[in-house]
Amino acid sequence: MVCKGAESPPPRQPGAGGEGVEGALSGKRIALFGSYGWGDGEWMRDWTTRMEAAGATVLNGEGLICHETPDEDGLSECRELGIQLANA
């Protein structure tokens, strides 16, 4: 049984979430993607905010998250985000 709010995020790894690259992001258009198995995706909102504060433009304005492994709809969204990034 999992109780919402009782989960703990996995330990952060160096460089996960863009740490250390913020200085190189100013003026860049970037895509953010992640999957999760706990919580509600707050980490993506935080990550988007950090990247925008570093001067990056996040394509689609919010990053792309999938719960666990992407299903066909999620894979389609990933492909579309990749196309947007390639054309940015």
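In this predicted model, W43 comes out partly exposed, with a relative accessible area of 21%. W47, at 15% relative accessibility, counts as buried, because the cut-off for buried is under 20%. The two tryptophans sit four residues apart in helix α1, so about one helical turn separates them. Together with Y36, W43 and W47 make up one aromatic cluster. The count of aromatic pairs comes to two. In the pair formed by W43 and W47, the ring centres lie 6.5 Å apart and the planes meet at 35°, so this pair is tilted. That wording follows the usual habit: a pair of aromatic rings is described by the distance of the centres and the angle of the planes.

Now to the helix that carries both tryptophans. Helix α1 has twelve residues, which at 1.5 Å a residue should span 16 Å; the end C-alpha atoms turn out to be 17 Å apart, in agreement with that figure. Its buried residues are M44, W47, T48 and M51. Looking down the axis of α1, these buried residues fall within an arc of 100°, so they line one face of the helix. On the face turned away from that buried side, α1 carries the exposed residues T49 and A53. As for what covers the buried residues of α1, the list includes the strands β1 (29–30), β2 (33–36), β3 (57–58) and β4. Just past the helix, G55 takes a positive phi of about 100°.

The largest nonpolar core has nine residues in all: L25, I30, L32, M44, W47, M51, A54, A56 and V58. Helix α1 (residues 42–53) gives the most to this core, with three residues. As a general backdrop, nonpolar side chains tend to be buried together in soluble globular proteins. One core member, V58, is in contact with I30, L32, T48, M51, E52 and G63, leaving aside its neighbours within four places in sequence.

Strand β4 (residues 64–67) is where L64 is found. L64 is buried, at a relative accessible area of 6%, which puts it under the 20% cut-off. Not counting residues up to four places away in sequence, L64 touches L32, F33, G34, M44, E77, C78 and L81. E77 is one of these partners; L64 and E77 are 13 residues apart in sequence, and their C-alpha atoms are 7.9 Å apart in space. Among the other partners of L64 are L32 and M44, both members of the largest nonpolar core.

Methods: Residues are numbered from 1 along each chain as its sequence is written. This is a predicted model: local features need pLDDT of at least 70, side-chain atom pairs count only at pLDDT 80 or more; totals for chains, interfaces and linings use all residues. Side-chain values use heavy atoms; hydrogens and water are left out. Buried means under 20% relative accessible area, exposed over 50%, partly exposed in between (1.4 Å probe, protein chains only). Contact means heavy atoms within 4.5 Å. A nonpolar core is a set of buried Ala, Val, Leu, Ile, Met, Phe, Trp, Tyr and Cys residues joined through side-chain atoms within 4.5 Å. The expected span of a helix is 1.5 Å times one less than its number of residues. The arc is that of the directions from the helix axis to the C-beta atoms. Rings of Phe, Tyr and Trp (its six-membered ring) pair if their centres lie within 6.5 Å; planes under 30 degrees apart count as stacked, over 60 as edge-to-face and the rest as tilted.
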